[in-house]
Amino acid sequence: MKSVLKFLPAAALAAGLAVSAAPAVAQQAGQKAPAAPAQPKASPAAIAAAKEILQIKNAAGMYAGAVPGMVEKTKGALIQQNLNYQKDLNEVAPIVAQQLNGRQNEIGEGMAQIYASEFTEQELKDLVTFYKSPLGKKLIDAEPRAIGQSMAFMNSWAQSFSETVMGAFRAEMRKRGKEI
């Protein structure tokens, strides 16, 4: 679990990548993909501190497979639209993946820009100091487990609570002479 995203839940990235595949296929059909919102320019020192935070938190692990994942997702969409090209698309996919290898680093650059626009340079430097402290290191190590356990607890609670809600609905409907 330690190697699993120490920055954002994997589901968030997967959802983002899944949504981003649609514009790629739409562009092929002649439609224009929506533009990403522009981020305000930050100082080089703020960007450097943001990159250091992302490095400390191993954010690159979150998007390391973004290029091959997007290539496979796009290949799958193209195969669905062009079944007769399946063999060719399977052969072309590794070529495209190799050509685009390294582009996942654009995600890290964009994330650094976002962090640098959300926090002041001093706040970013303070965060770097914190993440290098014993408590910061513990947070980076323990947070993925805590988030995973919290999600499991929330799912368990929701399952149990849904039974309580269903019981309340049934009781109220019984008062009206209706069984559900």
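Helices are taken here as DSSP runs of at least four residues, numbered from the N terminus, and on this basis Ile-180 is placed in the segment after α8, the helix that spans residues 134–175. The model under discussion is a predicted one. In the protein as a whole, eight helices and zero strands are assigned, and the order of elements from the N terminus on is accordingly α-α-α-α-α-α-α-α.

Of the 180 residues of the protein, 21% count as buried, and the accessible surface amounts to about 12300 Å², with 61% of this area belonging to carbon and sulfur atoms. When contacts between residues at least 6 apart in sequence are considered, 79% of them are found to join residues at least 24 apart.

A pair of residues distant in sequence is provided by Lys-125 and Ala-46, which are separated by 79 residues along the chain but by 7.9 Å in space, C-alpha to C-alpha. Lys-125 is located in helix α7, which comprises residues 121–132, and this lysine counts as partly exposed because its relative accessibility is 37%, a value that falls between the limits of 20% for buried and 50% for exposed residues.

Ile-180, by contrast, counts as exposed because its relative accessibility is 54%, the cut-off for that class being over 50%. This isoleucine also takes part in a nonpolar patch on the surface, formed together with Ile-147, Met-151, Phe-153, Met-154, Trp-157, Phe-161, Val-165, Met-166 and Phe-169, and the accessible area of the patch comes to about 1000 Å².

Notes:
Residues numbered from 1 in each chain as written. Predicted model: local features only at pLDDT ≥ 70, side-chain atom pairs only at ≥ 80, totals over all residues. Heavy atoms only, no water. Helix = DSSP H or I, 4+ residues; strand = E, 2+ residues; numbered from the N terminus. Buried < 20%, exposed > 50% of the residue type's maximum accessible area, 1.4 Å probe, protein only. Contact = heavy atoms within 4.5 Å. Areas by Shrake-Rupley, 256 points an atom, 1.4 Å probe, with all protein chains shown as cover. Patch = residues over 30% accessible without salt bridge, like charges linked within 9 Å, V, L, I, M, F, W, Y side chains within 5 Å. Salt bridge = Lys/Arg side-chain N within 4 Å of Asp/Glu carboxyl O.
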